[in-house]
Amino acid sequence: FEPGSTLKTFVIADAIDNKIVKPTTKIFCENGHFKIGKRIIREAEKDHAQGTITVNEVLAFSSNIGTSKIALMMGDDKLKAGLLAFGFGEKSGVDLSGEAKGITVKLPWSDHLLANVSFGQGITATPLQLANAYAVIANGGVLNKPYIVEGIKDIETGESEETKVTQLHRVVSEDTAAKMRLMLAGVTADNGTGIAARVPGYIVAGKTGT
């Protein structure tokens, strides 16, 4: 399926890791109406329209326009490479049959497609890819190979073999991952789009998506 705004996390993480933006970088979000060629990029809801906000707020408010502008700063090659690094567009190697790899359109991308991909349209992903990509942010920036079977035990001999975690590669630095965890916690703050996901007594990090 198209992952929608849940993909914004990885666009912003890659931009921060490549020092294209900082969480405090200010972006003018065109008051909700951004023209790219003959196309118009709008926010998902009219009340999401923003003026100048920080990258941190782009994520918290889930701004399509803010994320599009970050993607345009990156360019199609860097954006696609970043998404591939997070595990999109490739099979994860999980121990289940019938895994899909998702769809990422071949380069080059038009500016309008680049903008669309940045907020999760024009690209498809599996739920497992999405969960595993968020695990990269949670565990300090490394992509692991997901698995279903925790271990195998021989009932006759009692011998058992546990599945070991396989690290595939580092995607972003530990510092970038830590920044993203804080920013994703802002999504559930008072002005964020994910306030309904709060749990009393816990800091909840996450991202809303259509």
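The paragraphs below follow the salt bridges of this predicted model and the solvent exposure of the residues that form them. A search across the whole structure returns four salt bridges, and three of them are taken up here, each with its N to O distance and the accessibility of both partners.

One of these pairs lies within a helix: K179 and D175 both belong to helix α7, which covers residues 174–186, and they sit four residues apart, about one turn of that helix. Their side chains meet in a salt bridge with an N to O distance of 3.1 Å. K179 has a relative accessible area of 32% and is therefore partly exposed, and D175, at 46%, is likewise classed as partly exposed.

A further salt bridge joins R170 to E174, where the closest N and O atoms are 3.9 Å apart, a separation that is accepted because the criterion asks for a side-chain nitrogen of Lys or Arg within 4 Å of a carboxyl oxygen of Asp or Glu. On the arginine side, R170 is partly exposed, with a relative accessible area of 44%, whereas E174 reaches 55% relative accessibility and so counts as exposed.

The remaining pair to be described is that of R198 and D190, whose side chains meet in a salt bridge at 2.5 Å from N to O. Here R198 is partly exposed, its relative accessible area being 41%, while D190, with a relative accessibility of 59%, counts as exposed, since that class begins over 50%.

Definitions and conventions. Residues are numbered from 1 along each chain as its sequence is written. This is a predicted model: local features need pLDDT of at least 70, side-chain atom pairs count only at pLDDT 80 or more; totals for chains, interfaces and linings use all residues. Side-chain values use heavy atoms; hydrogens and water are left out. Buried means under 20% relative accessible area, exposed over 50%, partly exposed in between (1.4 Å probe, protein chains only). Helices (H or I, at least four residues) and strands (E, at least two) are DSSP runs, numbered from the N terminus.
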